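These exercises look at empty space and packing inside a protein. Keep the structure open while you work through each solution.

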Amino acid sequence: MILQKSALFRQECFIDGEWLSSPDLLEVIDPSSQRLVGTVPSLGEMETRKAISAAHKAFPAWKTHTAKERSVLLKKWYELIICHARDLAEIMSREQGKPLAEAQREVMSCAAYVEWFAEEAKRVYGDTIPMAQKGKRIVVLKEPIGVCAAITPWNFPLSTIARKAAPALAAGCTVIVKPSSYTPFSALALAVLAEEAGFPPGTLNVITGQAETIGRILTSDRLVKKISFTGSTEVGRILMKDSSESLKKISLELGGHAPFIVFDDADIELAVSEAMISKFRNSGQTCVCANRFLIQNPIYEQFAEHFVRLVRNQLVVGPGMHMESNQGPLIDEKAVLKVENQIRDALEKGAKLAIGGKRLPGKGFFFEPTVLTEVTSEMAIAHEETFGPVAPLFRFKDEEEALRIANDSEYGLAAYFFSKDLARAWRMTENLECGMIGVNTGILSSEAAPFGGTKDSGMGREGSKYGIEEYLELKYMCIGGLERM
Ligand code: ADP
């Protein structure tokens with residue numbers, strides 16, 4: 001890897017302001033070539049406790065920094081992220097596989113969250129509340145919750161960290177980040193820049209290692225006050241259960257199975273081009289990806305033809321570091337098998353293959369962008385999250401049926417629909433069971449919006465003015481005796 005700042009590629013963990021190695025190592029594999037990218041320490045119970053105690057020790061001083069002082073450090077971190085965007089993108093592309101241009105966009109999104117919360121740090125306003133009794137007043141304070149643990153996934157190795165660590169630090173909390181073992185180098189590079197920005201030792205710690213062991217300690221230790229997790233619903237359940245003994249505050253951003261509904265009054269050209277981004281961004285490996293395309297009968301063929309044409313003409317599969325690729329590999333062999341199984345099951349039950357359908361021969365976990373038509377609710381793909389470049393096209397008759405199919409899912413993260421009818425847009429928005437809705441758009445993430453879901457997609461919101469609340473506790477002060485003074 002040729003970086004402008006080679007120190008950003010760090011194969012050690014960051015605890016209490018110090019870099020730490022270990023004789024036990026985890027290997028990180030490039031999903032494009034299946035070659036080794038590097039190794040990181042495989043830390044266990046002792047080091048996890050060390051990180052918790054460092055964060056606990058750093059908390060009292062960090063919380064008494066003024067909001068402005070915390071904001072200035074976050075701003076500095078933001079500037080360093082922007083300054084090293086190219087290197088960060090390369091590290092990410094190597095370990096995660098996504099095309100360099102897409103990795104660069106993620107770096108900018110990561111930076112945007114850090115900048116946003118640098119600003120929000122200064123706007124943690126409390127309240128005064130009128131009271132029924134004379135001579136008394138209620139004042140509400142907002143205080144940082146304490147040591148926070150952030151457990152993050154591989155599909156967005158930088159921005160998922162920024163969405164958690166930036167609001168936590170802005171609120172005055174200290175943080176321990178446990179990134180995915182597939183993508184630790186992006187997280188460690190962020191720690192290098194945090195150190196350079198000048199955060200005091202222990203305020204931000206990054207540990208890598210056995211997920212179950214680290215997870216068990218973070219959830220059970222009473223010094224950790226908050227767990228924020230992004231990943232699978234299965235692991236989210238484990239973390240919530242394990243946190244119950246110590247009653248931690250929890251945010252969970254879990255799986256999704258987003259419907260993408262196109263009504264016959266929609267701008268079809270717009271719907272198709274948004275469908276391309278919504279489905280094939282990160283090769284379909286995002287929790288808000290369009291997973292189920294519901295197309296109204298009269299426009300079904302027209303939509304399918306146009307969509308397949310764009311898939312054929314626009315998508316180029318290849319290693320993320322090749323300038324012409326816009327579809328990188330899937331993360332591992334398991335991901336390829338899952339996609340293969342869903343396609344096989346759908347074809348056996350009567351779906352038609354419009355394009356794609358196979359993995360690419362040779363090294364790397366590459367899979368052809370795939371479109372299936374005549375998909376029905378009997379097929380596994382109708383209910384399981386796909387996390388790959390497969391677009392299944394369902395039919396529907398009317399709004400009522402579209403809504404029924406869309407809500408027939410355990411998940412409730414994102415939904416998209418396309419229509420020019422304003423009354424329908426309101427009806428759909430009010431009746432779809434999910435946390436985020438795109439109306440005539442296939443992309444809705446923004447640092448200014450509250451990202452998160454309902455049902456099995458989890459709880460809590462990230463980004464926006466709401467995101468910082470997850471890291472704050474309310475405390476109210478009731479002042480009496482005022483009529484006697
Ligand atoms: P995905 O790999 O689909 O993103 P996972 O839920 O498997 O989703 O992983 C998300 C994050 O959770 C990663 O950092 C992973 O290492 C971590 N993780 C996986 N299993 C556990 C566990 N039992 N306890 C704590 N963390 C876990």
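**Exercise 1.** Which element gives the most to the lining of the second largest cavity?

*Solution.* Remember that this is a predicted model. Begin with the space itself: the second largest cavity holds about 40 Å³. Next, find its lining. Among the lining residues are Lys-164, Ser-228, Phe-229, Ser-251, Leu-252 and Glu-253. Then look for elements that give two or more residues: these are β10 and β11 (249–253). The answer is β11, with three residues. Finish with the classes: the lining has four nonpolar, four polar and four charged residues.

**Exercise 2.** Find the largest cavity and describe its lining.

*Solution.* Start with the count: the structure holds three cavities of 30 Å³ or more. The largest cavity has about 90 Å³ of space. It is lined by 17 residues, and those closest to its centre are Pro-259, Ala-406, Tyr-411, Ala-414 and Glu-433. Now place the lining on the chain. β12 (258–262), α12 (399–407), β17 (411–412) and β18 (414–418) each supply at least two residues. By class, the lining has nine nonpolar, five polar and three charged residues.

**Exercise 3.** Describe the two largest pockets, one after the other.

*Solution.* Take the largest pocket, with a volume of about 1400 Å³. Of its 47 lining residues, Trp-154, Tyr-182, Ser-232, Val-235 and Lys-334 are the closest to the centre. Elements that supply at least two lining residues include β3 (25–29), α7 (211–220) and α11 (333–348). The lining divides into 22 nonpolar, 13 polar and twelve charged residues.

Turn to the second largest pocket, with a volume of about 750 Å³. Here 38 residues form the lining, and Glu-102, Arg-105, Ile-277, Arg-281 and Asn-282 are the closest to the centre. Helix α4 gives the most to this lining, with eight residues. By class, there are 15 nonpolar, 15 polar and eight charged residues.

**Exercise 4.** Which residues have the most contacts inside the largest nonpolar core?

*Solution.* Size comes before detail: this core has 61 residues. Those with the most contacts inside the core are Leu-74, Trp-77, Ile-81 and Phe-199. Helix α6 (residues 184–197) gives the most to the core, with ten residues. Now zoom in on Ile-81. Set aside its neighbours within four places in sequence. Ile-81 is then in contact with Leu-88, Val-107, Cys-110, Ala-111, Val-114, Leu-190 and Leu-193. To finish, find the second, separate core: it has 35 residues, including Phe-260, Ala-304, Val-311 and Phe-418.

Conventions: Residues numbered from 1 in each chain as written. Predicted model: local features only at pLDDT ≥ 70, side-chain atom pairs only at ≥ 80, totals over all residues. Heavy atoms only, no water. 1 Å grid on protein atoms, 1.4 Å probe; cavity = no way out; pocket = protein on both sides within 12 Å on 5 of 7 lines; lining within 4 Å. Points joined across faces, edges and corners; volume = space filled by probe spheres on them. Helix = DSSP H or I, 4+ residues; strand = E, 2+ residues; numbered from the N terminus. Nonpolar A, V, L, I, M, F, W, Y, C, P; charged D, E, K, R; others polar. Core = buried A, V, L, I, M, F, W, Y, C linked by side-chain atoms within 4.5 Å. Buried < 20%, exposed > 50% of the residue type's maximum accessible area, 1.4 Å probe, protein only. Contact = heavy atoms within 4.5 Å.
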